[in-house]
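Me: Please take a close look at the aromatic side chains of this model, with the ring geometry and any charges placed over the rings.

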Amino acid sequence: MLLPFTFFLSLTLSFRIIYCFSTTNDNIDKLYTLTIQTNEIFSVIFSLILIALSFKMISDYKKTLREFNKELIRLDLNWLKFILSFILVFTLIWAYFTYRNIFVENDKPNFYLLWIGIATIIYLLGHIGIYKYGIILERKKLRTISILSNRAKKNEVTNEHIAELEFLMKQEKFYLNPNLSLETVAKRLNISPSYLSRLIHNELNTSFSNYVHLYRINEAKSYLSNPEFSNYTIVAIGLEAGFNSRSSFFGVFKKETGQTPLEFKKAHLKKST
């Protein structure tokens, strides 16, 4: 992106310098106008290409989330797709105005509305981006501290598959995957989903979803009750614990503990002071 900008900037400055020292400016004016128009057309096309590449990058990123990686923090990029869609609309309007301005005689469209729209998008992009970036930083810190401080102890179980399941949850923290399913775990254990479901019910007296929720809630509790994380947002903690949304986190936490995450946090932080 820097190369086209540098090229057209240098070209424009060159024309300005030549114009100042030249006595015949008619040909220069025509050439300068042609350069500006070429720059405008190129900018529109280049912007459309960048938008297309951005959508492709988002699509490629979502493909990487199909397989869980505990080192990778899952990001929700729907907000970015929403912003890019608006940018695409305004870019198409820009393309239309550019066409009228260059190829339609005596037609000079007003670009002010377009500039206001783009300025609004830039503001929204900065505001939402900073908020999302803050949550990502908090999740990274939470994950780093969790890896360093939490050493899960193995429970003695009688079934080898349940022992492997416990290892996946406690050591590899499979529950941090917001898309974790019975099928995913069963595939890792090389058994059928129905057999795994029966094992969890018979050996642990619970369902798969409740079993995973218990780990996620305990993970969230460890952060909520720790004064070191008192300034971290509830949303960041819930997402880092493995829940895929704020509503899911609040609903499951309230159901299992009888308290909202905020109520639990206030109660336990009050005890520690």
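Reply: The charged end of Arg246 lies over the ring of Phe250, at 4.2 Å from the ring centre, in what is a predicted model. A second arginine is placed in this way over a phenylalanine: the charged end of Arg216 sits over the ring of Phe243, 5.9 Å from its centre, which falls inside the 6 Å cut-off for such a placement. Both of these rings, Phe243 and Phe250, belong to one aromatic cluster, in which Phe249, Phe253 and Phe264 also take part.

Across the whole structure, the search for aromatic pairs returns 12 of them. Among them is the pair of Phe42 and Phe46, whose ring centres are 5.5 Å apart and whose planes make an angle of 10 degrees, an arrangement that counts as stacked. These two residues are four positions apart in helix α2 (residues 26-64), so about one helical turn separates Phe42 from Phe46. Phe42 is partly exposed, with a relative accessible area of 33%, and Phe46 is likewise partly exposed, at 24%.

Tyr96 and Phe97 form a pair of another geometry, with 6.1 Å between the ring centres and 45 degrees between the planes, and the pair is therefore classed as tilted, because that class takes the angles that are neither under 30 degrees nor over 60. In this pair Tyr96 is partly exposed, at 46% relative accessibility, whereas Phe97, at 14%, counts as buried, since the limit for burial is under 20% relative accessible area.

Technical notes:
Residues are numbered from 1 along each chain as its sequence is written. This is a predicted model: local features need pLDDT of at least 70, side-chain atom pairs count only at pLDDT 80 or more; totals for chains, interfaces and linings use all residues. Side-chain values use heavy atoms; hydrogens and water are left out. Rings of Phe, Tyr and Trp (its six-membered ring) pair if their centres lie within 6.5 Å; planes under 30 degrees apart count as stacked, over 60 as edge-to-face and the rest as tilted. Buried means under 20% relative accessible area, exposed over 50%, partly exposed in between (1.4 Å probe, protein chains only). A charge sits over a ring if NZ of Lys or CZ of Arg is within 6 Å of the ring centre and within 35 degrees of the ring normal.
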